[in-house]
Protein chains: 2
Amino acid sequence: MVDRRVARTQALLQRAHLSLIVEKGYDAVTVEDICAAANVGRSTFYAHFSSKEDLHRRGLGALRQELSANQPAGVEPDHILAFSLPMFEHAHAHIELYRALASSRGGTIAIESIRDVLRDLVRAELTRLMPDRAAREFAVQYLVGGFLAVLTWWLDGGARSSPQEMDARFQRLAQEGLRGWT
Amino acid sequence: MVDRRVARTQALLQRAHLSLIVEKGYDAVTVEDICAAANVGRSTFYAHFSSKEDLHRRGLGALRQELSANQPAGVEPDHILAFSLPMFEHAHAHIELYRALASSRGGTIAIESIRDVLRDLVRAELTRLMPDRAAREFAVQYLVGGFLAVLTWWLDGGARSSPQEMDARFQRLAQEGLRGWT
DNA sequence: CAAATGCTGGACGTTGTGTACGATTATGGA
DNA sequence: TCCATAATCGTACACAACGTCCAGCATTTG
């Protein structure tokens, strides 16, 4: 059985970390800050995580699961790139967090984590459409890269447009790019 | 007139910095390392640059100029997205440096700098094609994001394909995406 | 040549990191 | 309920890197 103290401590640290990231950005947050905000001894922190980055990476596991879970299970051939709208909506719903993550260095880690998830999703969607491995992988990188670029640009600009608008624009540019294979 | 000592010192520091980045990655390089490699006193470093990041940013100015200069002056309507091939070729020619820059945190700064340059180029290319500012800006972000994603993926994988192959794949995906406006 | 400017190297204080350890407290199983 | 176990705490320590300062020496420019 999992000791309650462990669960409690780790949860407190993760929460504190996220709050502080939103408050002053990933880089400016120190391990000491996190411990203070979480009311946890600094030595306890190191009993659970080897560094701030370790904490961050493990925290992203939850995000990954949430993103993967929110995706439609079966790939419907008529609606490919289905991840787009849910993703825009999820970002919009958690906008403060996403904005804090999207900028600054810590964002790199977070974005790379999201990139991983999306790559898997897109890869799965494209396997039927593009049997050639090299071409498919290129398209995966391209589509996810373009998507994340517009996502972060949107967030940086304050997310003025609606998730629907963003999705529509993305679908238009991306779907056409796959025309030859459709 | 610019004091020779100043030019000499700054050049030494920039060169040393690049060598060290290639050698052990941006993050692992300290100001002291740079000074040691350049045979320059640490206090002298701070007389010229306020931090390692300052040094890095200012060093990227040269890269920006080179990239901008290598682009065709006039936008030819029949060959849009002309930046792609020269860019792949430039990266291929300076592959050790690009690979070092593309990974790790320091890469973020470098990539963002390149992103800026490319955004300007693409924006210029698309102004005629897409009069609507919002649609155009979206496309700019998308195309440059997709391009940089495949560029860094290519570099990370050891740049097995030729710049020409990469360009061809990119042109296909990207040009088709602009079909509606062509 | 002389004044101005740049370089040196070392000292100093600061901040944040990661480790160690004994004392204290909470937990889960017997 | 009780107790062995395990988690937490606080503090102290060593360390790495940062950024600042200054007095003395070297080089450049006019």
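Helices and strands here are DSSP runs, numbered from the N terminus, with at least four residues for a helix and at least two for a strand. With that in hand, chain A reads α-α-α-α-α-α-α-α-α from its N terminus on. Keep in mind that you're looking at a predicted model. Let's go from the whole chain to its partner, then to one helix, and finally to the DNA.

**Chain A as a whole**
- Chain A has nine helices and zero strands.
- Picture a box of roughly 60 × 40 × 25 Å along the principal axes: that's what the C-alpha atoms of chain A fill.
- Chain A has 182 residues, and 32% of them count as buried.
- Now take the contacts in chain A with a separation of 6 or more: 65% of them come from residues 24 or more positions apart.

**Two copies, A and B**
- Two copies of a chain are related by a rotation about an axis and a shift along it.
- Here, chain B lands on chain A after a rotation of 180° with 0.0 Å of shift along the axis, and the RMSD is 0.1 Å. The two copies are therefore related as by a two-fold rotation axis.
- The copies meet through the same surface, because 96% of the interface residues of chain B are also interface residues in chain A.

**A look at helix H1(A)**
- H1(A) has 21 residues, so at 1.5 Å a residue it should span 30 Å; its end C-alpha atoms are 30 Å apart, which agrees.
- The buried residues in H1(A) are A:Gln10, A:Leu13, A:Ala16, A:His17, A:Leu20 and A:Ile21. They cover an arc of only 135° around the axis, so they sit on the same side of H1(A).
- Turn to the face pointing away from that buried side of H1(A) and you'll find the exposed residues A:Arg4, A:Ala7, A:Arg8 and A:Ala11.
- Right after H1(A) comes A:Gly25, with a positive phi near 85°.

**Around DNA strand D**
- DNA strand D is surrounded by 24 residues, and the closest are A:Thr9, A:Gly41, A:Ser43, A:Thr44 and B:Ser43.
- Both chains pitch in: helices H1 (4-24) and H3 (42-48) of chain A, plus helices H1 (4-24), H2 (31-38) and H3 (42-48) of chain B, each supply at least two residues of the surface near DNA strand D.
- Which helix gives the most to the surface near DNA strand D? That's H3(A), with five residues.
- As for what the surface near DNA strand D is made of, its residues divide into nine charged, nine polar and six nonpolar.

How values were computed
Residues numbered from 1 in each chain as written. Chains lettered and ligands numbered in written order. Predicted model: local features only at pLDDT ≥ 70, side-chain atom pairs only at ≥ 80, totals over all residues. Near = placed C-beta within 6 Å. Nonpolar A, V, L, I, M, F, W, Y, C, P; charged D, E, K, R; others polar. Buried ≥ 20, exposed ≤ 12 C-beta atoms within 10 Å, placed from the backbone. Contact = placed C-beta atoms within 7 Å. Least-squares fit on C-alpha atoms with pLDDT ≥ 70 in both. Expected span 1.5 Å × (residues − 1). Arc of directions from axis to C-beta.
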